[in-house]
Amino acid sequence: MAQSLLNSMPQATTGTVVVTDHLNFWDGKRVKPTQETNSEPVFEPATGRVLCQMVPCGAEEVDEAIKSAHAAYLKWSKMAGMERARVMLEAARIIRERKEKIAKLEVINNGKTITEALVDIDIAWQCIEYYAGLAGTLAGQHIQLPGGAFAYTRREPLGVCVGIGAWNYPFQIASWKSAPALACGNAMVFKPSPMTPVTAVILAEIYKEAGVPDGLFCVVQGGAETGTLLCHHPMVAKVSFTGSVPTGKKIMEMSSKGVKQVTLELGGKSPLIIFKDCELQNAVKGALMANFLTQGQVCCNGTRVYVQREIMPQFLEEVVKRTKAITLGDPLLDGTRMGALISKPQLEKVLGFVSQGVQIVTCYIMSPFFHLHILCVTPGTDNCNDDMTCVKEEIFGPVMSVMPFDTEEEVIKRANNTTFGLASGVFTRDISRAHRVAENLEAGTCFINNYNISPVEVPFGGYKMSGFGRENGQVTIEYYSQLKTVVVEMGDVESLF
Ligand SMILES: NC(=O)C1=CN([C@@H]2O[C@H](COP(=O)(O)OP(=O)(O)OC[C@H]3O[C@@H](n4cnc5c(N)ncnc54)[C@H](O)[C@@H]3O)[C@@H](O)[C@H]2O)C=CC1
């Protein structure tokens with residue numbers, strides 16, 4: 001059934017697709033929801049048309065999914081890492097083979113451009129391939145003790161892990177969470193955002209086709225209530241969450257009741273510092289990459305752009321020129337570089353921020369589709385300063401704030417004056433300065449002379465209220481596994497009693 005939806009993708013155009021397939025997945029198949037009266041409409045952001053109905057899972061369905069995941073975990077965790085790797089490599093291959101179709105469906109549900117969605121799907125299969133490569137390397141240590149005794153450690157899976165995703169990178173988030181989880185021998189129950197329920201279940205089908213045991217990667221649909229059921233379920237060992245800080249705090253609180261491990265990928269308000277000795281064109285391109293991907297709905301965006309005063313006029317001129325040249329429009333067209341915001345409420349939220357007395361250098365409000373698109377650059381003289389709400393809070397829209405600075409010491413202080421700490425960036429040709437600034441910025445990532453590149457080999461995660469734990473890179477194995485120590489006596493027991 002779902003294959004037929006994917007197979008219809010080559011002909012699909014904006015405003016034509018309706019999804020009627022069931023969107024839950026456990027026991028190796030799509031599952032019909034039981035509470036259809038509670039359904040919520042899911043919109044195609046580019047048109048405002050109803051794409052499908054999302055029916056939230058209740059307690060019994062969540063329980064069924066988790067039990068199905070647990071049964072799969074008992075089989076999968078006993079397989080050798082190399083055996084798991086083979087299945088995961090096959091899943092990565094299938095995603096690669098269907099990437100155009102998956103990307104198209106992602107665009108229809110999310111509103112981002114097809115150009116970006118194709119990159120997202122590439123990153124998704126690369127992540128699964130990367131962790132497949134690590135699956136066979138999981139190993140412990142051998143420790144020699146006195147008298148011939150010894151100990152060894154085993155790196156073991158946690159059990160059933162829950163993934164809760166946001167709407168900005170639906171397929172990619174599901175892959176980033178499931179790949180390390182599965183590589184370590186865990187099972188995962190994934191809940192996508194209720195606004196983007198369509199593509200996670202495609203990933204579930206691909207894992208199944210690749211050969212994972214039925215139940216290993218399950219999808220339950222729903223919002224806060226379903227998420228709460230997942231976090232409280234006694235058979236869940238870990239919750240990995242991507243989303244806003246307020247929800248992240250709730251996840252942590254709920255998980256603490258069952259002492260479950262937690263990974264939190266939360267919001268940001270990241271600084272991008274541009275020194276006067278930078279290569280200006282690269283800095284301008286970096287600032288655009290730092291702000292306008294996925295219509296600005298990216299957690300690690302560098303939305304506080306600090307520009308050294310001497311180059312502010314040239315910087316602003318270039319950034320405005322390039323911003324005005326961004327092609328807005330139908331996200332399924334190859335030439336479009338900015339699509340639609342996720343929803344009308346999100347648009348209103350973004351507009352609310354920019355109406356707070358900021359002078360907008362450039363702003364397009366276009367409405368070829370139901371949801372409007374905006375692009376703003378707030379200028380950097382007296383109009384935009386560190387105390388404004390739009391400079392302090394995560395907007396999650398295509399709004400760049402530009403502010404002047406004079407010295408390195410001053411800008412680092414201002415850059416760090418935030419409760420967030422997800423990412424940061426610096427443009428300069430002075431290598432000592434670049435590394436000094438990177439060291440002093442309080443953030444989980446610092447980009448030097450680029451911004452918003454996320455290779456799967458590189459750990460990603462936050463400082464401060466942007467969360468903890470990491471995704472991607474080798475280190476994430478530690479967040480999806482636990483060490484068992486085995487102590488072996490070779491002689492007699494020396495008892496004190
Ligand atoms: N930094 C980031 O990566 C993201 C930030 N955001 C920010 O958050 C704002 C609100 O967007 P939302 O999608 O509502 O974010 P959210 O953080 O409320 O939702 C993210 C996920 O958590 C789930 N969820 C919500 N409440 C829950 C609960 N009590 N227990 C368990 N799961 C729960 C949601 O269903 C969704 O799957 C956005 O406007 C944006 O500013 C949103 C998505 C990603």
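Let me start with the surroundings of the ligand: in this predicted model, 27 residues surround the ligand, and the closest of them are Gly165, Trp167, Lys191, Ser244 and Lys349. If we sort that shell by class, we find twelve nonpolar residues, eleven polar ones and four that are charged.

Now to the polar contacts, where three side chains deserve a careful look on the screen. For Trp167, an N or O atom of the side chain is 2.8 Å from an oxygen atom of the ligand; for Lys191, a polar side-chain atom likewise lies 2.8 Å from a ligand oxygen; and for Thr247, the distance from a polar side-chain atom to an oxygen atom of the ligand is again 2.8 Å. As for how much of the ligand is covered, its exposed area when taken alone is 810 Å², and the protein buries 86% of that.

Where does the ligand sit, then, among the pockets of this model? It occupies the second largest pocket.

Turning to the elements that build the shell, at least two residues come from each of α8, spanning 224-232, β10, spanning 236-242, α9, spanning 245-257, and α12, spanning 344-354. Of the contributions to the shell, that of α9 is the greatest, with four residues. At the level of domains, both domain 1, residues 9-266, and domain 2, residues 271-448, supply at least three residues each to the shell around the ligand.

How values were computed:
Residues numbered from 1 in each chain as written. Predicted model: local features only at pLDDT ≥ 70, side-chain atom pairs only at ≥ 80, totals over all residues. Heavy atoms only, no water. Near = heavy atom within 4 Å. Polar contact = N/O pair within 3.5 Å; in protein donor to acceptor, adjacent residues only side chain to side chain. Areas by Shrake-Rupley, 256 points an atom, 1.4 Å probe, with all protein chains shown as cover. 1 Å grid on protein atoms, 1.4 Å probe; cavity = no way out; pocket = protein on both sides within 12 Å on 5 of 7 lines; lining within 4 Å. Sits in = over half its atoms within 2 Å of the grid points. Nonpolar A, V, L, I, M, F, W, Y, C, P; charged D, E, K, R; others polar. Domains from an automatic or database assignment.
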